[in-house]
Amino acid sequence: MENRNITTKITVCSYDELNEEEKKLIGAAKEATNRSYAPYSRFQVGAAALLAGDIVVSGSNQENAAYPSGTCAERTTLFYANSQYPDRAVKALAIAAQTGGEFIAHPTAPCGACRQVILETEERYKQPMRIYLYGTEEIFVVDSIRSLLPLCFGKNDLPEQAE
Ligand code: THU
């Protein structure tokens, strides 16, 4: 028997330490929280994706009275990006959330289903996606979803598919 440890790198920084492009992406995610439809959880999440060619698209969580029919901000955003710009890689994704009229102090991380969709997007475009998780007190940055989903199931686990 052996133990295997998986280490994961998460950079913690403050807003002031980000460059202008990063601040702009986080700004777009924060703005998107205002377009959330979250009457049930009252947790408004926004996401913004930076695509190749410097296009930014954003989305928010959209809830439903039949709870599982709703979707998270990350999936809204990535599916929108992929359907509008299927040929543009997603280079970065920022996520912000507010509740009770205030942005959260410590970052919230994507749910399992969103992590899986982010992984598929990285694999589809064959490049890692930098992810910014915004909080007013600290911001987490990871270089790839693999830092948040280290033991993952992806397309390489399936028999080879025709592209
Ligand atoms: N939610 C997101 O949109 N993204 C996350 O990363 C976590 C959770 C949404 C789903 C639901 O509308 C609400 O937040 C509460 O779970």
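The following paragraphs describe the surroundings of the ligand and then three individual residues, as they appear in a predicted model.

The ligand sits in the largest pocket. Within the shell around the ligand, the elements that contribute two or more residues are the strand β2, spanning residues 43-51, and the helix α2, spanning residues 73-84. The residues that surround the ligand are Ser41, Phe43, Val45, Asn61, Glu63, Cys72, Ala73, Glu74, Ala109, Pro110 and Cys111. When these residues are sorted by class, the shell comprises seven nonpolar residues, together with two polar and two charged ones.

Several members of this shell place a nitrogen or oxygen atom at a short listed distance from the ligand, and each can be described in turn. In the case of Asn61, an N or O atom of the side chain is 2.9 Å from an oxygen atom of the ligand. For Ala73, by contrast, it is a backbone N or O atom that lies 2.9 Å from a ligand oxygen atom. Glu74 contributes through its side chain, of which a polar atom lies 2.6 Å from an oxygen atom of the ligand. Taken alone, the ligand exposes 370 Å², and the protein buries 77% of that area.

Attention may next be turned to Ser144, which is located in the segment after β7, the strand formed by residues 139-142. Ser144 has a relative accessibility of 11% and therefore counts as buried, since the term applies to residues under 20% relative accessible area. The side chain of Ser144 is joined to the side chain of Glu122 by a polar contact of 2.9 Å.

The backbone angles of two further residues also deserve a description. Arg42, although it is not a glycine, has a positive phi of about 55°. Arg42 belongs to the loop between β2 and α1, the latter being the helix of residues 20-33. With a relative accessible area of 55%, Arg42 is classed as exposed, because that class begins over 50%. A positive phi is also found at Asp54, a residue other than glycine, where the value is near 60°. Asp54 is placed in the loop between β2 and β3, the strand that covers residues 55-60. The strand β2 thus recurs in this description: β2 gives two or more residues to the shell around the ligand, the loop holding Arg42 lies between α1 and β2, and the loop holding Asp54 lies between β2 and β3.

Notes: Residues are numbered from 1 along each chain as its sequence is written. This is a predicted model: local features need pLDDT of at least 70, side-chain atom pairs count only at pLDDT 80 or more; totals for chains, interfaces and linings use all residues. Side-chain values use heavy atoms; hydrogens and water are left out. A residue is near a molecule or strand if one of its heavy atoms lies within 4 Å of it. A polar contact is a pair of N or O atoms within 3.5 Å; within protein, one must be able to donate a hydrogen and the other to accept it, and residues adjacent in sequence count only if both atoms are side-chain atoms. Accessible areas come from the Shrake-Rupley method with a 1.4 Å probe; for residues, only the protein chains shown count as cover. On a 1 Å grid over the protein atoms alone, a cavity is a set of points where a 1.4 Å probe fits but cannot get out, and a pocket is an open set with protein on both sides within 12 Å along at least five of seven lines; lining residues have an atom within 4 Å of a point. A molecule sits in a cavity or pocket if more than half of its atoms lie within 2 Å of its grid points. Helices (H or I, at least four residues) and strands (E, at least two) are DSSP runs, numbered from the N terminus. Ala, Val, Leu, Ile, Met, Phe, Trp, Tyr, Cys and Pro count as nonpolar, Asp, Glu, Lys and Arg as charged, and the others, Gly among them, as polar. Buried means under 20% relative accessible area, exposed over 50%, partly exposed in between (1.4 Å probe, protein chains only).
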